[in-house]
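Reader: Please show me the model. I will then ask about it piece by piece.

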Amino acid sequence: MLLIHCPYCEEDRPEVEFVYGGEAHIARPLDPATLSDEEWEHYLYIRRNPRGRHHERWRHTHGCGRFFNAVRDTVSDRFEQTYKAGEPRK
Amino acid sequence: MSDVLAIPALAVAGTDLALEAQAVTASGVALTLEAPASRWSLRARTAQALSGVIGRAVPARIGETLDGIACLGPDEWLADLPAGTALPDGAGQPVSVVDISARGVVIRVEGAGAATVLSSGCPLDLDRFAVGRATRTVFETVEVILWRESATVFRVFVWRSFAPWLWHALKAAERG
């Protein structure tokens, strides 16, 4: 089973306790009403979808309940590192 | 309070849930349904803030337990206290103190093979789950809170509607 390091629990925990939360570091526009349709579409739907190193959100749903960020290789499925939400991109 | 505490005993021992309240023993592992207790979900930004409101010491690190209170997350604690215990509600303060006595039940798994029985459905590495630790995790697809009381005693907190299934799954596991 894949083990994921939770930065809050500070433990390697089984993958089934976690839920994937999409690409990380996508900030919600501060004033959505001023956005054009294209900008809004970009915010909602356009993702990098890289082959390789990917920054993504995970939630330790069946554990501490917290969202955190992870860097995972989309080819090997290997987690490079995980870090707390709010910390700068690694 | 007494009304709330009466609910688990009635419903869980009832035939509709098909849960036997007595211990089941096979292969040296005993399953027991624990008596209702006073349980609380506690939320606060820091352990100190919570401690100040409820007037009890609370563990600061996730996974630790202290006098019936377990730290489940960076801002979440579970209190498992003797039936009838009341806690201050912290009105007006940035904390949440919620009585969840009727939310779930506790199944006690006891015996030399307790960890083996739980491992049939729980993906945690129980060899590294030290005595006195508690955490939320899963058993198969059911969310549970696991509390290790001693080397051979685990307490499994589970929501009421999942309890009959979990009980039978554990019974099946202990029969091998």
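Reader: What percentage of the 176 residues in chain B is buried?

Author: This is a predicted model: local features need pLDDT of at least 70, side-chain atom pairs count only at pLDDT 80 or more, and totals for chains, interfaces and linings use all residues. Residues are numbered from 1 along each chain as its sequence is written, and chains are lettered from A and ligands numbered from 1 in the order written. A residue is buried if 20 or more other C-beta atoms, placed from the backbone, lie within 10 Å of its own. In chain B, with its 176 residues, the buried share is 38%.

Reader: Is Trp40(B) buried or exposed?

Author: Trp40(B) sits in strand β3 (residues 38–44) of chain B. It has 21 C-beta neighbours inside 10 Å, so Trp40(B) counts as buried.

Reader: Which residue, 63 places from Trp40(B) along the chain, has its C-alpha atom 9.8 Å away?

Author: Contacts here mean C-beta atoms, placed from the backbone, within 7 Å. Leaving aside neighbours within four places in sequence, Trp40(B) contacts residues including Val98(B), Asp99(B) and Ile100(B). The C-alpha atom 9.8 Å from that of Trp40(B) belongs to Arg103(B).

Reader: Where does the largest nonpolar core of 55 residues lie, and why?

Author: Such a core joins buried Ala, Val, Leu, Ile, Met, Phe, Trp, Tyr and Cys residues through C-beta atoms within 7 Å. Leu50(B), Trp77(B), Ile107(B), Val109(B) and Val156(B) touch the most other members. Both domains of chain B, with bounds from an automatic or database assignment, give residues to this core, so it lies between domain 1 (18–35 + 103–174) and domain 2 (38–99).

How values were computed. Buried ≥ 20, exposed ≤ 12 C-beta atoms within 10 Å, placed from the backbone. Helix = DSSP H or I, 4+ residues; strand = E, 2+ residues; numbered from the N terminus. Contact = placed C-beta atoms within 7 Å.
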